Amino acid sequence: MVLSVVVSLYIRSIGIALFGGIAAVYLSRLRFVPLASFAVVVAGLLLPWQLRNVELGGNSYLHQLLMVNPLRPEAGYADFGHWMIRIGSNFQRYITIDIPAALFPFGEYEYTRESTFLGWFFGLFLLGLTIFGLLKLKRGKRILFVYFITTFTILLLWPPVWFGPRFVLPLVPIFLLGIGNAVWEITMGLRKQMNWQVKPWQQYVALLPLAFTIPGIFQLHSMAVEPYVPAEKYFIEIAE
């Protein structure tokens, strides 16, 4: 487990969310000694990388995070007002475009269009359904919920010059799990209220969200077998 956290921190800044999720589980169970041991071991294994960053002038990810626009360093660093604008802009884009596009990877999603009421409603509905489903999990809900919230917070803080559904990919399994469990819990709740008799095959209703990923899989397959565009083709030929 420790090695998984350290490796994730080495290769992706999103590893912070995994560290936070595990730490939150220890903290919620008041297991302070394992928590301290976990933190010390992770910090010790990260020390060589941090020393290397110091020698090279600091953590590049942190510098990019604090900048107004990492592609234009002359714009300087973000102040409080810019942070609020960034969080609001990222939240709007993730809710109305990126999360639906990541969960339903088919169709066209235009970033130039203004957000609509339907877009806000659908995105918030998916987010609320996911959170409800995670909180209703019988096991592992603490680590998954904290990982989900921490990852989403990091995405909200990230410079908006980099955007797209690809940033949501680490959360797609959590979304599917949360939505699937929410559908299951709601179905079972209605069953108790209305005295339904659930047949064995009806228990698989919780897997329904997975069906929405099938069109995207076929779309990706069709893209994979198409010829490369000239610019990419030359790079691949050089690499080969």
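User: Why is Arg93 called buried?

Analyst: Happy to explain. Buried means under 20% relative accessible area, exposed over 50%, and partly exposed in between, with a 1.4 Å probe and protein chains only. Arg93 has 10% relative accessibility, so it counts as buried. A word on the model: it is predicted, local features need pLDDT of at least 70, side-chain atom pairs count only at pLDDT 80 or more, and totals for chains, interfaces and linings use all residues. Residues are numbered from 1 along each chain as its sequence is written, and side-chain values use heavy atoms, with hydrogens and water left out.

User: Where does Arg93 lie, and what is Arg93 in contact with beyond its neighbours within four places in sequence?

Analyst: Arg93 lies in helix H5 (residues 80-103); helices are DSSP runs of H or I with at least four residues, and strands are runs of E with at least two, numbered from the N terminus. Taking contact as heavy atoms within 4.5 Å, the partners of Arg93 outside that window are Asp98, Tyr111, Pro160, Trp162 and Phe163.

User: What makes Asp98 and Arg93 a salt bridge?

Analyst: The rule asks for a side-chain nitrogen of Lys or Arg within 4 Å of a carboxyl oxygen of Asp or Glu. The closest N and O atoms of Asp98 and Arg93 are 3.1 Å apart, so the pair meets the rule. Both Asp98 and Arg93 are buried.

User: How many salt bridges does this rule give?

Analyst: The count comes to 3. Among them is Arg72 with Glu74, at 3.1 Å from N to O. Arg72 is partly exposed because its relative accessible area is 49%, while Glu74 has 61% and therefore counts as exposed.

User: Which residue does Lys138 meet in a salt bridge, and where do the two sit?

Analyst: Lys138 pairs with Glu185 at 3.0 Å, N to O. This pair links distant parts of the chain, 47 residues apart: Lys138 is in the loop between helix H6 (117-135) and H7, and Glu185 is in helix H8 (residues 172-194). Lys138 has 72% relative accessibility, so it counts as exposed.

User: How do you know that Arg142 is partly exposed?

Analyst: Its relative accessible area is 42%, which falls between the 20% and 50% limits, so partly exposed is the right term. Arg142 is found in helix H7 (residues 141-157).

User: How many helices and strands are there in the protein chain?

Analyst: There are 11 helices and 0 strands. Of the 240 residues in the protein chain, 30% are buried.
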